[in-house]
Amino acid sequence: KMELKFKQKPTYKVEKETKKEDTQESLCMEVAECVTELMNAATSFHKLHLKVTGQGSFASHSTLKIYEDFHDFSDQLSEEFQGAYGEILTYKEVLPRTLNTKQDGIIYLQDLKTMITELQGKLPYSEIINDLDLCKSKINGALYKLKFLS
């Protein structure tokens, strides 16, 4: 009986480690997807920034300069996670979203905020969670300006 108990423990431990590795790999993929989406958001909002016209377009044009922040947030998230986790992330090629109107921009900002919030709930690094809060604060400011000032 003692032998059976000993043989069962390593099997359980291997299963437990495999689940942990799967969870860590999944987290790496989600962080890489978020970095890619933030990079793409920079491109999408830059293009929208250049094509807004009509009444309220100056306020929208100014607000949409948030594209500059998305470059910084994507770089910061990537570097901080890779430093904390100790591995280089793998990025997939994903085309940027096409934004044609201010309303498209509002919807995309809300989607980005949701994605970031979901990622924060899975991250074990409080310092990265806090930095992502800064990104969400910028998004909140842009949402306010696009909804009420332009």
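**Helix H4, Lys102 and the cysteines**

Lys102 is partly exposed, with a relative accessible area of 29%, in this predicted model. The residue has its place in helix H4, and, leaving aside residues up to four places away in sequence, Lys102 touches Ser60, Leu146 and Ser150. With Leu146 there is also a polar contact, in which the side chain of Lys102 reaches the backbone oxygen of Leu146 at 3.2 Å. Although Lys102 and Phe45 are 57 residues apart along the chain, their C-alpha atoms are separated by 9.9 Å.

Helix H4 itself covers residues 102-120, which makes 19 residues, and spans 27 Å from its first C-alpha to its last, close to the 27 Å expected at 1.5 Å a residue. Buried within H4 are Gly105, Ile106, Tyr108, Leu109, Leu112, Ile116, Leu119 and Gln120. When H4 is viewed down its axis, these buried residues fall within an arc of 165°, so they line one face of the helix. In general, an α-helix has 3.6 residues a turn, so residues three or four places apart point the same way.

The cysteines were considered as possible partners in a disulfide, which is a covalent bond between the sulfur atoms of two cysteines. Cys34 is buried, with a relative accessible area of 1%, and Cys135 likewise counts as buried, at 0% relative accessibility. The cysteine sulfur closest to that of Cys34 is in Cys135, at 7.3 Å, which is too far for a bond, given that a disulfide requires the two sulfur atoms to lie within 2.5 Å. By this rule, the count comes to 0 disulfides.

How values were computed
Residues numbered from 1 in each chain as written. Predicted model: local features only at pLDDT ≥ 70, side-chain atom pairs only at ≥ 80, totals over all residues. Heavy atoms only, no water. Helix = DSSP H or I, 4+ residues; strand = E, 2+ residues; numbered from the N terminus. Expected span 1.5 Å × (residues − 1). Buried < 20%, exposed > 50% of the residue type's maximum accessible area, 1.4 Å probe, protein only. Arc of directions from axis to C-beta. Contact = heavy atoms within 4.5 Å. Polar contact = N/O pair within 3.5 Å; in protein donor to acceptor, adjacent residues only side chain to side chain.
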